[in-house]
Amino acid sequence: MPRHAQTAEREEILADLWETGEPKPAGLSEAGARVLPWAFEEGTGAFLYWLVRPGQHPDEWTVLYNEGRGPLWEHHGPGCTAFLLAVLTGTAQTEYFGHLYEVLKPTEHRFETAGQTPGAARA
């Protein structure tokens with residue numbers, strides 16, 4: 001599914017939930033604020049969103065996590081990179097991602113460019 005179609009689908013699903021009384025995250029009370037999905041946790045229905053506020057540069061967008069099968073949301077700042085680093089290093093203040101660090105017990109983290117990943121075409 002193209003990214004814009006996924007965004008529209010999530011917007012419709014969330015609008016339906018909020019119309020039926022599920023509370024919106026506090027950050028969406030500001031006029032013009034919206035969420036933009038960027039990741040999901042397969043099998044759980046959970047989504048990660050950027051919280052987009054009017055007049056903010058994308059570097060200032062913060063992260064919202066929704067459990068997917070319930071009304072709970074977590075807000076994480078200051079942004080995506082800091083959030084992912086905190087999850088990978090086990091320092092994230094989260095009810096949802098803390099288990100990843102315990103399950104994986106990583107001894108080191110490595111980030112590679114798309115060209116360095118297994119199966120990538122080599123020039």
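Two strands pair if DSSP finds at least two bridges between them. The exercises below apply this to a predicted model.

**Exercise 1. How do strand 1 and strand 2 pair, and over how many bridges?**

Solution.
Step 1. Locate the strands: strand 1 covers residues 34–41, and strand 2 covers residues 46–52.
Step 2. Take the bridges: 7 of them link strand 1 and strand 2, and the sense is antiparallel. The pairing criterion asks for at least two bridges, so these strands count as a pair.
Step 3. Find one bridge in the structure: Glu41 has Ala46 in strand 2 as its bridge partner.

**Exercise 2. In what order do the strands lie in the sheet, and which are the edge strands?**

Solution.
Step 1. The open sheet is formed by 4 strands in the order 1-2-3-4, with antiparallel pairing.
Step 2. An edge strand here pairs on one side only; this holds for strand 1 (34–41) and strand 4 (73–76).
Step 3. From one strand to the next, the twist averages 25°.

**Exercise 3. Describe how strand 3 and strand 4 are joined.**

Solution.
Step 1. Strand 3 consists of residues 62–66, and its antiparallel pairing with strand 4 runs over 4 bridges.
Step 2. One bridge can be named: Tyr65 is partnered by Glu74 in strand 4.
Step 3. The two strands form a hairpin, with 6 residues between them. In the turn, Gly68 has a positive phi of about 85°.

**Exercise 4. Is Asn66 buried or exposed, and what does its side chain reach?**

Solution.
Step 1. Place the residue: Asn66 belongs to strand 3.
Step 2. Its relative accessible area is 4%. Buried means under 20%, so Asn66 is buried.
Step 3. The Asn66 side chain reaches the backbone oxygen of Leu72 at 3.2 Å.
Step 4. Leaving aside neighbours within four places in sequence, the contacts of Asn66 are Ala46, Phe47, Tyr49, Pro71, Leu72 and Trp73.

**Exercise 5. Is Phe40 buried or exposed, and which residues does Phe40 touch?**

Solution.
Step 1. Phe40 lies in strand 1.
Step 2. The relative accessible area of Phe40 is 53%. Exposed means over 50%, so Phe40 is exposed.
Step 3. Not counting residues up to four places away in sequence, Phe40 touches Ala46 and Phe47.
Step 4. Relate Phe40 to the turn of Exercise 3: Phe40 and Gly68 are 28 residues apart along the chain, and their C-alpha atoms are separated by 9.1 Å.

Terms used. Residues are numbered from 1 along each chain as its sequence is written. This is a predicted model: local features need pLDDT of at least 70, side-chain atom pairs count only at pLDDT 80 or more; totals for chains, interfaces and linings use all residues. Side-chain values use heavy atoms; hydrogens and water are left out. Axes are lines fitted to C-alpha atoms, for helices over the stretch in contact, and angles run from 0 to 180 degrees between N-to-C directions. Buried means under 20% relative accessible area, exposed over 50%, partly exposed in between (1.4 Å probe, protein chains only). A polar contact is a pair of N or O atoms within 3.5 Å; within protein, one must be able to donate a hydrogen and the other to accept it, and residues adjacent in sequence count only if both atoms are side-chain atoms. Contact means heavy atoms within 4.5 Å.
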